[in-house]
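Q: Please take me through one part of this model slowly, following the contacts outward from a single side chain. I'd like each cut-off explained when it first comes up.

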Amino acid sequence: MLFTSWLFLLASSGVEAKTDFPQHSPVPGGVALVSIPRSLTSDASVPKVYFEKNRVMVLPTNEPEAQWIAVIGIPLSAKPGPQQLQFMDADAKENTLVFEVKPKTYEEQRIQLNNKRQVNPLKQDLERIQREQSEMVSAFKSWHSTSLEFSRFELPTKGEISSPFGLRRFFNDQPRNPHSGLDIAAPEGTPIYAPASGQVMTTGNYFFNGNTVLINHNNGLVTMYCHMHDINVAPGDSLEKGALLGFVGKTGRATGAHLHWSVSLNNTRVDPVLLLDHK
């Protein structure tokens, strides 16, 4: 199989596009916008692009040199330096696009929990956690594409940002996975709304995340809402932007009432702030 390597072409902020794009921030936990050279694509079909074996969102653009831009979620575990995308060109040859990940260091957060099972779960807890993680990962990895448009998000609830994305976390002084979402502190019972249209993929009460909703927004973009008090939607529901999802709570591993909001691109959790409408 023929491989052709292309030096990365990063989309600049001056790109005129027919659709919105997330903010370009090629760091661990960020989003990279990579132009696919027009000479390698066909007008007739959307190119299939993959990063670390996960399919990547591709959106149309009107750049002189590119018809498509790949929107790539970068894992928090990514090392700074060159990274590769794979895609099939118009002649059905597999190509490699190279883009650069820049370094970023996230702050540290230490949390004390009285419920020690939420720091060091029992054997039966671990079995439950594994089942729940498999269910959530299946939702994050799913692929649906009914539209090639992206619209920037609104915050799903009103409140104060209490914990930003990416914090290096320690529970009872023990290191755990970094913070994979945005925490919004709000009184219990505060409404939570869909930040964009989509379809409810699954709901559940999970060991760590408490009452949870996952929504598919097309092309590998999935959002998750955790620690809810009540859930107002069901799997399969089609939602418009602003639909009521439920209410803020403190279920699962939570020290107070708040919404944990995660955004996933190509099965990779990224900083939700990069997809917000800042106008």
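**Arg169 and its surroundings**

A: Arg169 is a good place to begin: this side chain is buried, with a relative accessible area of 13% (buried means under 20% relative accessible area, exposed over 50% and partly exposed in between, with a 1.4 Å probe and protein chains only). Before going further, please keep in mind that this is a predicted model, in which local features need pLDDT of at least 70 and side-chain atom pairs count only at pLDDT 80 or more, while totals for chains, interfaces and linings use all residues. Residues are numbered from 1 along each chain as its sequence is written, and side-chain values use heavy atoms, with hydrogens and water left out.

What does Arg169 pair with? Asp183 is its salt-bridge partner, and the closest N and O atoms are 3.5 Å apart (a salt bridge is a side-chain nitrogen of Lys or Arg within 4 Å of a carboxyl oxygen of Asp or Glu). Arg169 belongs to strand E11 and Asp183 to strand E13 (residues 182–185), so this pair ties together parts that are 14 residues apart in sequence (helices are DSSP runs of H or I with at least four residues, strands runs of E with at least two, numbered from the N terminus). Asp183 is buried as well, at 6% relative accessibility.

Now look at the sheet around E11. This is an open sheet of three strands in the order E9-E11-E12, with mixed pairing (two strands pair if DSSP finds at least two bridges between them). E9 and strand E12 (174–175) stand at the edges with a single partner strand each, so one side of each has no neighbour in the sheet. E11 and E12 pair in the antiparallel sense, over two bridges. At the residue level, Phe170 has Pro175 in E12 as its bridge partner. As background, strands of a sheet pair through backbone hydrogen bonds, either parallel or antiparallel.

Strand E11 spans residues 168–171 and strand E9 residues 108–111, which brings us to a neighbouring set of charges. Glu108, Arg110, Arg168 and Asp173 are linked in a network of salt bridges. Within that network, Glu108 forms a salt bridge with Arg110, and their closest N and O atoms are 2.8 Å apart. Unlike the Arg169 pair, which is buried at both ends, Glu108 is partly exposed at 39% relative accessibility, and Arg110 is partly exposed too, with a relative accessible area of 47%.

The structure holds seven salt bridges, and one more is worth a stop. Glu132 forms a salt bridge with Arg128, with closest N and O atoms 2.5 Å apart. Because the two are four residues apart in helix H1, about one helical turn separates Glu132 from Arg128. What about their accessibility? Glu132 is buried, with a relative accessible area of 10%, whereas Arg128 is partly exposed at 27%.

These elements also meet at the largest pocket (a pocket is an open set of points on a 1 Å grid over the protein atoms alone where a 1.4 Å probe fits, with protein on both sides within 12 Å along at least five of seven lines; lining residues have an atom within 4 Å of a point). The largest pocket is lined by 45 residues, and Asn177, Pro178, Ser180, Asn209 and Arg253 lie nearest its centre. Among the elements that each supply at least two lining residues are E9, E11 and helix H1 (123–141), along with strand E17 (221–231), strand E20 (258–265) and strand E21 (268–270). H1 gives the most to this lining, with seven residues.

Finally, follow those later strands to two loops with a backbone feature to check. Asn266 sits in the loop between E20 and E21, and its phi is near 40°, a positive value in a residue other than glycine. Asn266 is buried, at 3% relative accessibility. Asn218 lies in the loop between strand E16 (210–216) and E17, and here phi is near 90°, again positive in a residue other than glycine. Asn218 counts as buried too, at 13% relative accessibility. For context, most residues other than glycine have a negative phi.
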